[in-house]
Amino acid sequence: MAEVRPDLFSPYKMGQFDLNHRIVLAPMTRCRSLNGIPQPANVEYYVQRATKGGFLITEGSLISPTAGGFPHCPGIYTEQQINEWKKVVDAVHAKGSVIFCQLWHVGRASNQDYQPGGAAPISSTDKPISHRWKIHMPNGKYGSYASPRRLHASEIPVIVQHYRQCALNAIKAGFDGIEIHGAHGYLIDQFLKDGINDRKDEFGGTIDNRCRFLLMVVESVATAIGASRVGVRISPAIDHLDARDSDPHGLGLAVIDRLNALQTQLGKLAYLHVTQPRYTAYGQTESAPHGSQEDETRLMRSWRRAYKGTFIASGGFTRELGREALVEGDADLVSYGRLFISNPDLVRRFDVNAHLTRYVRATFYSQDPVVGYTDYPFLEEGSKKLDRISRL
C-alpha cells in the first residue's frame, strides 16, 4: 500500500491536542489591546480565525512592565489582563479551537517611552540596535531604539520567574498552553546570537552559555504548567533587529540538541516553532539572506530532522508551499501570519482553493478596533467590502 502523505487538511495529534488540520494562526503583533488590556475587538479577531480542531497562537503578550516595545500590546501579568484574555479564550474554545498564549519580552527592542520611569530597556548587552531599524513609537511615529542596560547575572532569575508566573497566568485565563518567544531579535534571541551577546559571564561566550537563559525559561515554565503545554519559537537564521549569528545552522542545532535533552527529563514539549530565513523585517518573501531558497530548505530540513517532536514551520508560506513542506516531511504544521490577517477564513479558502484578499500593510499596527483588523471579508460576503478594503 502506498504511503499516505500528510496534507494541510490531514488531522494531527500535537501531544494531548487533536487537531483537524495543520494550518496554524501565527503570532502577530496587532496593537489593538488599549493600554495593554485585551478588548472586545480582540475577542472578535481571534474568534473570526478559529475553526473546529484548529490551532491559534496569540500575538506576543508581555510578561512584565519592562517587556514592551510596541504601542498597545497585551500583557498577561495583571489580574485585569488575565480576566480579559479569558474572554478571548472562552470564545475561541466555543468554536472548538486550541489556543496558546505567546509570552514576550522585547529586551533592547524598546525605547525609554515604553519603560517604567523612562529607564533604559534591558538586554544581554549594552549595544543598541543600529539606526537601520526604526521603532514604532506610542505617538504613531517612528523613532530610534534606545541604548539598553546590560542585565546583571543576578537579575536573570527574576526575568525567568516573570516567564513562569505569566505561564501560570495563561493557564488561569484558560489557555491550552504557552509559546516562549525566543526569536526575531527579542530578549531571548539577544542571548542566543553571538552577533549581539558580548557577555563574559556564564550567560555569554560559548554556545552552552548563550543557550542558558532560554533553557532556564523552558525548564521553569515546563515545571510550572507541564512540558506538553509549552512551545518554543526560535529563528536562528533571521537577522531581524541586527540579530545575527556567525553560525546560524550550528546555533539551531545546538538549541535543538539541548531542547531534546530537556525533553528526556521533563517530558515532550508541545512543539518547536521555527521561522525560516525568507522572513524579513518587512514581511516580504524573498531568497534567504544567507543563500538560495534551496539552501534555506536544507537548513530548515536539518533542524526538522534533528528535533524530536512536533515541528511548526513559518515564514512566507503560501498554500502550495505549505502543502509541499508537509508532503516532504519538512514540517508537521505550518503557521500563517499576513495571509491570516486579511483572510479570517483562511482555512476555508485553502480548502476550496479560493482567491485571497490582499492585506493592507498600513493598517497592521493601527489602534482602530475595526479597520484592518476585524473588517476583512469572509468568502460569502459581497465584493463591495473587498473593493473598499483594497482602496484603503
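A residue counts as buried here when its relative accessible area is under 20%, and that cut-off underlies much of this tour of a predicted model.

**The barrel and strand 10**

Begin by selecting strands 3, 4, 5, 10, 11, 12, 13 and 14, which in the order 3-4-5-10-11-12-13-14 form a closed barrel of 8 strands with parallel pairing. Within this sheet, neighbouring strands are turned against each other by 25 degrees on average, with direction ignored.

Narrow the selection to strand 10, residues 177-182. Since 6 of its 6 residues are buried, strand 10 is largely enclosed by the rest of the structure. In a regular strand the side chains alternate between the two faces of the sheet. Colouring the two faces separately will show G177, E179 and H181 pointing one way from strand 10, while I178, I180 and G182 point the other way, and all of them are buried.

Now add strand 5, residues 98-104, which pairs with strand 10 in the parallel sense over 4 bridges. A convenient place to centre the view on this pairing is Q102, which stands opposite E179 of strand 10.

**Across to strand 11**

On moving to strand 11, residues 230-234, you will find it mostly covered, with 5 of its 5 residues buried. Here V230, V232 and I234 point one way, whereas G231 and R233 point the other way, and all are buried. Strand 10 and strand 11 pair in the parallel sense over 5 bridges, and I178 can be picked out opposite V230 of strand 11.

**Strands 12 and 13**

Strand 12, residues 271-275, should be selected next, as it pairs with strand 11 in the parallel sense over 4 bridges. To see one of the bridge partnerships, display R233 together with H273, its partner in strand 12. Then bring in helix 6, residues 248-266, which makes a right-handed β-α-β unit with strand 11 and strand 12.

From strand 12, continue to strand 13, residues 311-314, where the pairing is again in the parallel sense, over 4 bridges. T275 has S314 of strand 13 as its bridge partner.

**The loop after strand 11**

Return to strand 11 and look in the loop between this strand and helix 6, where I238 lies. Is I238 buried or exposed? With a relative accessible area of 3%, I238 is buried, because the limit for that label is under 20%. Select H184 as well: I238 and H184 are 54 residues apart in sequence, yet their C-alpha atoms are 6.5 Å apart in space.

**The helices: 3, 5 and 6**

Turn now to helix 3, residues 156-172, and helix 5, residues 207-225, whose axes come within 9 Å and cross at roughly 35 degrees. Their crossing is right-handed. To display the contact, select I156, P157, I159, V160, Y163, R164, A167, L168 and I171 in helix 3, along with F213, M216, V217, S220, V221, T223, A224 and I225 in helix 5. Sorted by class, this contact has 14 nonpolar, 2 polar and 1 charged residues.

Keeping helix 5 in view, add helix 6, which packs against helix 5 at an angle of about 35 degrees with the axes 10 Å apart. This crossing, too, is right-handed. In helix 5 the residues I207, D208, R210, C211, L214, L215, V218, E219, A222 and T223 meet L251, A254, V255, R258, L259, L262 and L266 of helix 6. The contact of helix 5 with helix 6 has 12 nonpolar, 1 polar and 4 charged residues.

**Helix 1 and its cover**

Go next to helix 1, residues 40-48, and highlight A41, N42, V43, Y45, Y46 and Q48, which are its buried residues. What covers them includes strand 3 (23-25), strand 4 (55-62), helix 2 (79-94) and helix 9 (338-342).

**Last stop: S144**

Finally, select S144, found in the loop between strand 8 (142-143) and strand 9 (149-150). Its relative accessible area is 29%, so S144 is partly exposed, since that label covers values between the 20% and 50% limits. Which residues are in contact with S144, leaving aside its neighbours within four places in sequence? They are N111, H131, K134 and I135. To close the view, show I129, which is 15 residues from S144 along the chain, with the two C-alpha atoms separated by 8.4 Å.

Key:
Residues are numbered from 1 along each chain as its sequence is written. This is a predicted model: local features need pLDDT of at least 70, side-chain atom pairs count only at pLDDT 80 or more; totals for chains, interfaces and linings use all residues. Side-chain values use heavy atoms; hydrogens and water are left out. Buried means under 20% relative accessible area, exposed over 50%, partly exposed in between (1.4 Å probe, protein chains only). Two strands pair if DSSP finds at least two bridges between them. A crossover is right-handed if, with the strands pointing away from the viewer, the path from the first strand over the helix to the second runs clockwise. Axes are lines fitted to C-alpha atoms, for helices over the stretch in contact, and angles run from 0 to 180 degrees between N-to-C directions. A crossing is left-handed if the near helix is turned anticlockwise from the far one by less than a right angle, and right-handed if clockwise. Contact means heavy atoms within 4.5 Å. Ala, Val, Leu, Ile, Met, Phe, Trp, Tyr, Cys and Pro count as nonpolar, Asp, Glu, Lys and Arg as charged, and the others, Gly among them, as polar.
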